[in-house]
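Welcome! Let's explore a structure together through a set of questions and answers. Take a look at it first, and then we'll begin.

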Amino acid sequence: MTEVPKANAGRGKFLLGGFLIVAAIVYLIASSTQATAQYYLTIDELFAKGEAVGDRDVKISGVVDGDSIQYDVKNLTLRFTIANVPADLDKIEEAGGLAEALHIALEDTQGKRLDVEYIGVMPDLLRHEAQAIVTGRMGEDGIFHADELLLKCPTRYEDEVPLQAVGG
Amino acid sequence: MVANIGYYALVITFLVSIYGAGAAAYGALKRKPEFVESGRYAMLLTWPLLTVASAAIIWLLATGHYEIGFVASVTSNSMPTYLKVTALWGGQEGSLVFWAWLMAAFTSAASLRKWDRDRELLPWFIMVTMITLAFFISLTVFFENPFARLWLSADGQQVAAMLQPTGAVPLNPPDGRGLNPLLRHPGMIIHPPALYLGFVAYVIPYAFAMAALITRRSDDRWIRITRRWTLVAWIFLSLGLILGGRWAYDVLGWGGYWGWDPVEIAALLPWLAGTAFLHSVMVQEKKGMLKHWNVVLIILTYALVIFGTFLSRSGVLSSVHAFAKSAIGPMFFIFIGVTFLVSLSLLINRWEMLKGENFLNSMFSREALFLLNNFLFMGILAVSFWGVIFPLLSELITGQKITVGPPFYERANGPLGLGLLILMAIAPLSAYASSSWKTIGRALWKPALVSLLVPITLYFGEIRNPIALMGYTVAALVAFVTLYEFWRGANARNRRHGENFPLALWRLVGRNRRRYGGYVIHLGVVLMAFGIIGIEVYQTETQATLSRGEQVTLGSYVMTYDDLSIFDTNDGRNVARAVVSVYKDGKLVDELYPRKDYYFDSQQAVTIPGTRSTLEDDFYVILVGLDPDSRSHATFKVYHNPLVNLIWIGGVVFIIGTVVAVWVNSDRRRWSKASPASAITQA
């Protein structure tokens, strides 16, 4: 590295080697980002984008409507509706914190909602006013088919606790 | 009363640490040793003061003073006392105090050493550590005060504040919300302190490095003084990471141990920089090279320690779509930015002073391979860091949030990890200064030939996944090379001194603990690699809703659902506990009790898996759904995790290896001794 002296005859090959390794790492990062990156959208943004998202997987965040939760235990089919929550931090602050913002989002009957279907286990944290982050794609039937379901409860989930992840 | 004592102890510690930093620096600049001494006393005072503050929190927690906001948020009446005490690090406010308390303990311990030869480093050591300490305490004093009392304000809002807001009435809740049930686990009791110890201990080598730069010491005294500190820090960081994985496996109930969660990565980043440092520091000790790079690495490790604390504390990551902003986010940002820039400009200012004493001249010399090792660790660090900040960057630049998940990390870090494994096989056979492809090849061909048996055997055992084959072959090669090194060294002693083999092995390790401790660590990594490849490539899962007596099949296992009982416990839980029988190849091998605990105080359920654990594999059952009325059927998720236990066994070996390495040799000869590697490779 920095220790390579100016007069060293072998300097070139070390510089070249270092350069190649750095290039390989940059390539790994770039290509992996390209191959695995997902849009992270609110429900409003998802509807606004529409076709533009294509058949790529997307991540959608929203708040769970407790009354809509249906679970078919036999077939492990979970259906529920999430309501749009603004992604804008200032708006969340304005509402008085995330818990309040989630509450307000559900009160708003005019806001955009998204029906979600998830095959798998019903997570413990799935309940009214929990924040859900679903990863999957929009179906022809207008239902969002999630492969991964992530839930957060703003009052309980603090600090060190990794998110409860299921599926995926 | 107690809350006030605790709070004022924090305030006084804050003032004392600022005074200590100022007095020490002033004393050094004006050559007034009495000020330095005064600064040192101030530093020694911080630990008793923080002990008072911590004891006050613990007392409030243990005696159920729910009028204190922090106490109400992390404890409840139904919690056993030991959990109430350890709730100290179960929430933001308490854990910051705990962090500061550990740091004060470490810096005080470090300042009690004999400073004879290094007097001039002392004031700057005091300054750097006391500034860091003052920063952390300021967070608790001004933003995240663990002693803030709960009030009901005039407009009916619940607020936490030290002083009574106008018109507010004191609030005295009869019970608290209780610690997050996921944290009520033995792994969670030791995991955070282990990580914190690791984080905090890295402040000490950083402080010494800065002191060396400031005083223009161009020797590597700072590295030698702090070698044990860096290893101690590294042990705790490694232990914290391993325990965290174990906790996730036991409690989170998704059949895995590492999910590339930003909070996990936050702890991994300083570990990666610290591991690179452990390796490259040897090059400086032996060859007087890489001096700038080692300073960069220790600055980076320190900055990443602060960054990791920042990530898990400030809510900046989850906040983008989740949490409200925490006031301490910007504070951390400023602190990291300022320390990083100041440290780097100091390094640039002293650049000429740290000229290397040797040059790289062989591609296969040990120093070149150590450098390559550093490149790979930095690569993994870059990948992981990029994954964490990419969503923030993309939102900042394009206004569109784009995220990356575990597939990104696996895809990008996989090849780099394999590269590290390959290096682990080659580097121990290299010598400083002059190795060539030929000398390494001569030492490598025997173990390489033996390790080729591994993929051949696996191939005929129906294991044909190319990633698994490649990974297992390289891991086996590392194991053979490392064991061969032990054998070769012990054998040489056996011939030269006539010692029997176990004694020769014992003395071999005893004479060069860092080297052979390092090899034991490598063997731990090999075991972990075997386990990780096993579970990552060959994990299978299924899920089913079963009526009583029905069964589900997964691989060679069959599981039947026998019974379900639901009952309340006297520690505030409602437990649903299923009984399942596990059959392997038609024979009953185990009975498991996966369960779901519902905690009344926090209104949250925790799913505890039932696991049949053998060296070969884990059969891991989660009770995910049940019909509370009839109890006639229940839903299970079942995982088959091959070789997962090798991860934990490897973790234990890893820690043992680190302990061997940290156990300092009794003689000082090793500094002057030539590398035994050169003798061996030429043999």
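Q: Do the 26 residues of helix 1 (residues 11–36) of chain A span what 1.5 Å a residue predicts, or what distance separates the end C-alpha atoms instead?
A: A quick note before we start: this is a predicted model. At 1.5 Å a residue, helix 1 of chain A should span 38 Å. The expected span agrees with the model, because the end C-alpha atoms of the helix are separated by 38 Å.

Q: Which residues of helix 1 of chain A are buried, and which helices of chain B do the buried residues pack against?
A: Buried in helix 1 of chain A are A:I25, A:I29 and A:S32. An α-helix has 3.6 residues a turn, so residues three or four places apart point the same way. The buried residues of helix 1 of chain A pack against two elements of chain B, namely helix 14 (366–398) and helix 15 (406–426).

Q: In what order do the elements of chain A run from the N terminus on?
A: Chain A has four helices and eight strands to place. Starting at the N terminus, the order is α-β-α-β-β-β-α-α-β-β-β-β.

Q: How many of the eight residues of strand 6 (residues 131–138) of chain A are buried?
A: Over the 168 residues of chain A, buried residues make up 35%. Strand 6 of chain A is mostly covered, and its count of buried residues is seven.

Q: Over how many bridges do strand 6 of chain A and strand 7 (residues 144–152) of chain A pair?
A: Strand 6 of chain A has a partner in strand 2 (residues 58–64) of chain A, in the antiparallel sense over six bridges; there, A:I60 has A:V134 as its bridge partner. With strand 7 of chain A, the pairing is antiparallel too, and A:G136 stands opposite A:A146. The number of bridges between strand 6 and strand 7 of chain A is eight.

Q: Which residue in the turn between strand 6 of chain A and strand 7 of chain A has a positive phi?
A: These two strands form a hairpin, with five residues between them. In that turn, a positive phi of about 80° belongs to A:G142.

Q: What radius of gyration does chain B have, with its 683 residues?
A: Chain B comes to 21 helices and 14 strands, and its C-alpha trace spans about 80 × 75 × 55 Å along its principal axes. A compact globule with 683 residues would have a radius of gyration near 26 Å. The value for chain B agrees with that expectation: 28 Å.

Q: What distance separates the centres of domain 1 of chain B and domain 2 of chain B?
A: Chain B is divided into domain 1 (1–179) and domain 2 (538–645). Their contact takes six residues from domain 1 and five residues from domain 2. On the domain 1 side, the touching residues divide into one nonpolar, three polar and two charged. Taken over C-alpha atoms, the centres of the two domains are separated by 43 Å.

Q: Which strands are the edge strands of the open sheet with the order 2-1-3 in chain B?
A: Three strands form this sheet, and the pairing is antiparallel. Strand 1 (residues 149–152) of chain B pairs with strand 3 of chain B over two bridges, and B:L152 has B:V169 as its bridge partner. The edge strands each pair on one side only, and they are strand 2 (158–161) and strand 3 (169–170) of chain B.

Q: Is B:G518 buried or exposed?
A: B:G518 is found in helix 19 (residues 513–538) of chain B. Leaving aside neighbours within four places in sequence, B:G518 is in contact with B:G657 and B:A661. A residue is buried if 20 or more other C-beta atoms lie within 10 Å of its own. B:G518 has 20 such neighbours, so it counts as buried.

Q: Where in chain B is B:L290 found?
A: B:L290 has a positive phi near 60°, in a residue other than glycine. With 27 C-beta neighbours inside 10 Å, B:L290 counts as buried. Its place is the loop between helix 10 (262–287) and helix 11 (291–314) of chain B.

Q: How many C-beta neighbours does B:L643 have inside 10 Å?
A: B:L643 lies in the loop between strand 14 (633–642) and helix 20 (644–662) of chain B. Although it is not a glycine, B:L643 has a positive phi of about 60°. B:L643 counts as buried because its number of C-beta neighbours inside 10 Å is 22.

Terms used:
Residues numbered from 1 in each chain as written. Chains lettered and ligands numbered in written order. Predicted model: local features only at pLDDT ≥ 70, side-chain atom pairs only at ≥ 80, totals over all residues. Domains from an automatic or database assignment. Contact = placed C-beta atoms within 7 Å. Nonpolar A, V, L, I, M, F, W, Y, C, P; charged D, E, K, R; others polar. Rg over C-alpha atoms; globule rule 2.2 N^0.38 Å. Buried ≥ 20, exposed ≤ 12 C-beta atoms within 10 Å, placed from the backbone. Pairing = 2+ DSSP bridges. Expected span 1.5 Å × (residues − 1).
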